[in-house]
Amino acid sequence: IYTARANLNPLVLEGSLPGGQLTTTSEVENFPGFAHGVDGFQLTQTMREQAARFGARFEQTQVTAVDFSAMPRRLVCGDRVILAKTVIDRN
């Protein structure tokens, strides 16, 4: 959301499960702004919609290799290579 709002042209690589494990969580009770909790799938969808509204792009692909030794950074996704100035890893 923040990189999109800053017009940094973010690309979110979602992997095999868009939204990750959070989408399979039945109730998230520790996220600010939801006094009675929120369904994980709904929370993920809401955050995705907000990021997209500011220009974030999403691709469902698996990163199989990375090379951080040079600029731009290289992310290998099957037979495709994505070049990036910055990589933010959620892990």
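Helices and strands here are DSSP runs, with helices (H or I) of at least four residues and strands (E) of at least two, numbered from the N terminus. With that convention in hand, select Arg90, which lies in the segment after S5. The model on screen is a predicted one, and the tour below moves through it from the overall layout to single residues.

**The whole chain**

Begin with the full view, in which the protein has two helices and five strands. Following the sequence, these elements come in the pattern α-β-α-β-β-β-β. The C-alpha trace spans about 45 × 25 × 20 Å along its principal axes, and buried residues account for 20% of the 91 residues.

**Arg90 and the largest pocket**

Return to Arg90, whose relative accessibility of 73% is why this residue counts as exposed, the cut-off being over 50%. If you also select Leu22, which stands 68 residues away along the chain, the C-alpha atoms of Arg90 and Leu22 turn out to be separated by 13 Å.

Arg90 also leads to the largest pocket, since Leu11, Val12, Leu13, Ile88 and Arg90 are the residues nearest the centre of that pocket, out of 45 that line it. The elements that contribute two or more residues to this lining are helix H1 (2-5), strand S1 (11-13), helix H2 (40-53), strand S2 (57-59) and strand S5 (80-84). Which element gives the largest share of the lining? Select H2, which provides six residues and with them the largest share. The volume of the largest pocket is about 1700 Å³, and colouring its lining by class would show 24 nonpolar, 13 polar and eight charged residues.

**Two salt bridges**

Next, look for charged pairs; a search of the whole structure finds two salt bridges. Select Glu14 and Arg48 for one of them, where the closest N and O atoms are 3.0 Å apart. This pair connects distant parts of the chain, with Glu14 in the loop between S1 and H2 and Arg48 in helix H2, 34 residues apart. Is Glu14 buried or exposed? Glu14 is buried, because its relative accessible area is 14%, whereas Arg48, with a relative accessible area of 31%, is partly exposed.

Then select Glu59 and Arg80, whose side chains meet in a salt bridge with an N to O distance of 2.4 Å. Glu59 belongs to strand S2 and Arg80 to strand S5, so this pair ties together parts that are 21 residues apart in sequence. Both partners fall in the intermediate class of accessibility: Glu59 is partly exposed at 22%, and Arg80 is partly exposed with a relative accessible area of 38%.

**A nonpolar patch on the surface**

Now show the surface and select Val63, Val66, Phe68 and Val87, which make a nonpolar patch of about 300 Å². Within this group, Phe68 can be placed in the loop between strand S3 (65-67) and strand S4 (73-77). The relative accessibility of Phe68 is 45%, and therefore Phe68 counts as partly exposed.

**Backbone details in two loops**

Stay in the loop between S3 and S4, where Pro72 is also found, and display the backbone. The peptide bond from Met71 to Pro72 is cis, with omega near -5°. As background for this stop and the one that follows, most peptide bonds are trans, and most residues other than glycine have a negative phi.

Move to the loop between H1 and S1, which holds Asn7 and also Asn9. What is the phi of Asn7? The phi of Asn7 is near 60°, a positive value in a residue that is not glycine. Asn9, likewise not a glycine, has a positive phi of about 60°. As for the surroundings of Asn7, a relative accessible area of 68% makes this residue exposed.

**Last stop: Gln21**

Finally, select Gln21, placed in the loop between S1 and H2, the loop that also contains Glu14. Gln21 has a relative accessible area of 66% and is therefore exposed. With Asp79 selected as well, 58 residues away along the chain, the C-alpha atoms of Gln21 and Asp79 are seen to be separated by 26 Å.

Note on methods:
Residues are numbered from 1 along each chain as its sequence is written. This is a predicted model: local features need pLDDT of at least 70, side-chain atom pairs count only at pLDDT 80 or more; totals for chains, interfaces and linings use all residues. Side-chain values use heavy atoms; hydrogens and water are left out. Patches are made of residues with over 30% relative accessible area and no salt bridge: like charges are joined within 9 Å, nonpolar side chains (Val, Leu, Ile, Met, Phe, Trp, Tyr) within 5 Å. Accessible areas come from the Shrake-Rupley method with a 1.4 Å probe; for residues, only the protein chains shown count as cover. A salt bridge is a side-chain nitrogen of Lys or Arg within 4 Å of a carboxyl oxygen of Asp or Glu. Buried means under 20% relative accessible area, exposed over 50%, partly exposed in between (1.4 Å probe, protein chains only). On a 1 Å grid over the protein atoms alone, a cavity is a set of points where a 1.4 Å probe fits but cannot get out, and a pocket is an open set with protein on both sides within 12 Å along at least five of seven lines; lining residues have an atom within 4 Å of a point. Grid points are joined across faces, edges and corners, and a volume is the space filled by probe spheres set on the points. Ala, Val, Leu, Ile, Met, Phe, Trp, Tyr, Cys and Pro count as nonpolar, Asp, Glu, Lys and Arg as charged, and the others, Gly among them, as polar.
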